[in-house]
Amino acid sequence: MKQLSATKLVNPFFALLDPEVAHRLGVSAAARGWVPREKRPDPSNLGLEVWGRKFSNPVGLAAGFDKNAEAVDGLLGLGFGFVEIGSVTPVPQEGNPKPRIFRLREEGAIINRCGFNSEGIVAVAKRLGAQHGKRKLDETTSTSSSSGEEVKPGGKAGPGILGVNLGKNKTSEDASSDYVQGVHTLSQYADYLVINVSSPNTPGLRMLQGRKQLKDLVKRVQAARDEMQWGEEGPPPLLVKIAPDLSKEDLEDIAAVALALRLDGLVISNTTVSRPDPVSTNPVASEAGGLSGKPLFNTSTSLLKDMYILTRGKVPLIGCGGISSGEDAYKKIRAGASLVQLYTAFAYGGPALIPQIKAELSECLERDGFKSVSEAVGADCRVATAKV
């Protein structure tokens with residue numbers, strides 16, 4: 001598609017800019033519709049259903065790119081199966097001082113210490129409400145002119161699925177009340193919700209991954225969600241996003257909580273505070289913050305596999321961390337992910353990367369005899385458990 005391949009010419013220009021300025025421009029371009037729209041249908045073997053929602057493909061954009069829900073429509077139009085906005089905090093906050101985003105280009109990585117910079121839940125709710133209304137109107141107009149009862153992939157307001165990632169304010173004393181506020185204000189627009197307890201850039205946040213803390217938090221947030229009025233679709237699924245820097249005991253605790261409380265899913269994983277080779281020798285590696293991109297791939301995929309086995313495949317997992325090709329996405333799926341997300345590779349590769357990843361993933365499935373994504377989920381774990 002000419003439009004999408006033409007974006008490759010723009011990326012070198014973005015590479016010359018300060019990372020945060022480039023990011024701001026990217027979000028603005030998508031918000032204004034200055035990005036290509038993918039018109040081709042997705043390969044049929046990429047369609048799947050998770051939480052009763054139909055995804056046209058399993059490739060999503062991770063939280064952190066569109067923090068304030070400015071560009072949902074433009075980003076879904078690029079061909080992502082779903083887009084996760086946020087993290088959104090209850091009260092607006094600036095985040096950490098700049099500079100706070102650092103490129104490690106040769107390693108295909110980024111270090112960030114943004115610290116939940118957010119316009120807050122009220123501004124984001126207003127924006128999502130307006131988008132929701134517009135998409136509903138478009139949907140009504142298009143369905144009235146076409147007949148047929150075929151169920152199309154998509155979420156509450158048209159094609160594409162929208163996830164909302166919730167964070168807590170830096171100065172907040174009561175984390176669970178922050179997440180509850182997020183649920184009350186934003187869940188009506190979300191096809192799924194994520195509690196982010198794993199950013200390394202908010203002091204004390206990762207402590208919420210402990211067994212008791214996580215259990216109490218999830219119970220309270222689930223209760224807040226369930227006490228709201230929901231139509232026949234029911235409430236949005238609730239997921240927790242975890243860190244890659246966890247011990248075996250931590251993982252077992254999280255798996256136990258997920259199973260006991262019937263958590264709807266886990267996002268595996270957030271950025272890492274470690275600096276694996278070859279990053280460790282890069283002068284930028286000494287910058288504080290979370291590392292994302294290619295060097296995170298092995299750690300996050302191994303964690304994904306462990307969690308799939310610990311939860312016995314009963315909890316849908318979103319695989320995130322270091323995906324830059326269809327083969328990478330396929331490895332995450334084989335390790336137990338029903339859905340996958342990218343961010344860093346998208347920041348480097350731009351819109352042309354999305355159709356490329358989907359085409360490669362479709363080929364991987366065909367090559368190994370899988371008729372669908374769902375058939376391939378956890379394939380490597382079945383092999384591993386069979387050998388034990």
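**Why these words fit this structure**

Q: How do α6 and α7 cross, left-handed or right-handed?
A: Helices α6 and α7 make a right-handed crossing. Please keep in mind that this is a predicted model.

Q: What makes α6 and α7 roughly parallel to each other?
A: Helix α6 (residues 175-186) packs against α7 at an angle of about 25°, and their axes are 9 Å apart. Angles under 35 degrees count as roughly parallel, so α6 is roughly parallel to α7.

Q: Which residues of α6 and α7 meet?
A: From α6 come S176, S177, Y179, V180, V183 and H184, and they meet L217, R220, V221, A224 and R225 of α7. By type, the residues of this contact divide into six nonpolar, three polar and two charged.

Q: How do you know that α7 and α8 are roughly parallel?
A: Helix α7 (residues 211-226) and helix α8 (residues 248-260) pack at about 25°, with 9 Å between their axes. The cut-off for roughly parallel is under 35 degrees, and α7 and α8 therefore earn that name. In passing α8, helix α7 makes a right-handed crossing. On the α7 side the contact is made by R211, L214 and K215, and on the α8 side by D253, I254, A256 and V257. These residues split into four nonpolar, no polar and three charged.

Q: Which residues touch the most other members of the largest nonpolar core?
A: This core has 100 residues, and those touching the most other members are I85, L128, Y179, I242, L266 and L342. Its largest share, six residues, is supplied by helix α12 (residues 353-367). Another core, of seven residues, lies apart from it and includes A109, I111, A285 and L291.

Q: Why is L162 called buried?
A: L162 has a relative accessible area of 4%. Buried means under 20%, so L162 qualifies as buried. You can find L162 in strand β7 (residues 161-166). Not counting residues up to four places away in sequence, L162 touches V72, V83, I85, L128, Y189, A190, D191 and Y192.

Q: Why does T344 count as buried?
A: The relative accessible area of T344 is 7%. With the limit for buried at under 20%, T344 is therefore buried. T344 belongs to helix α11 (residues 344-349). Setting aside neighbours within four places in sequence, T344 is in contact with G108, A109, I110, S292 and G293.

Q: What makes A69 buried, and what makes R262 exposed?
A: A69 has 0% relative accessibility and so counts as buried, given a cut-off of under 20%. R262 reaches 71% relative accessibility and so counts as exposed, since exposed means over 50%. A69 sits in the loop between β3 (59-61) and α4 (72-76), and R262 in the loop between α8 and β10.

Q: Why are positive phi values and cis bonds worth pointing out?
A: Most residues other than glycine have a negative phi, and most peptide bonds are trans, so exceptions catch the eye. A69 is not a glycine, yet its phi is positive, about 55°. R262, also not a glycine, has a positive phi of about 50°. G86 and S87 are joined by a cis peptide bond with omega of about 10°, and S87 is part of strand β4 (residues 82-88). The peptide bond from D277 to P278 is cis too, with omega near 5°. P278 lies in the loop between β10 (265-268) and β11 (290-293).

How values were computed
Residues numbered from 1 in each chain as written. Predicted model: local features only at pLDDT ≥ 70, side-chain atom pairs only at ≥ 80, totals over all residues. Heavy atoms only, no water. Axes fitted to C-alpha atoms, helices over the stretch in contact; angles between N-to-C directions. Helix = DSSP H or I, 4+ residues; strand = E, 2+ residues; numbered from the N terminus. Parallel < 35°, antiparallel > 145°, perpendicular 65-115°, else oblique. Left-handed = near helix turned anticlockwise from the far one by under 90°. Contact = heavy atoms within 4.5 Å. Nonpolar A, V, L, I, M, F, W, Y, C, P; charged D, E, K, R; others polar. Core = buried A, V, L, I, M, F, W, Y, C linked by side-chain atoms within 4.5 Å. Buried < 20%, exposed > 50% of the residue type's maximum accessible area, 1.4 Å probe, protein only.
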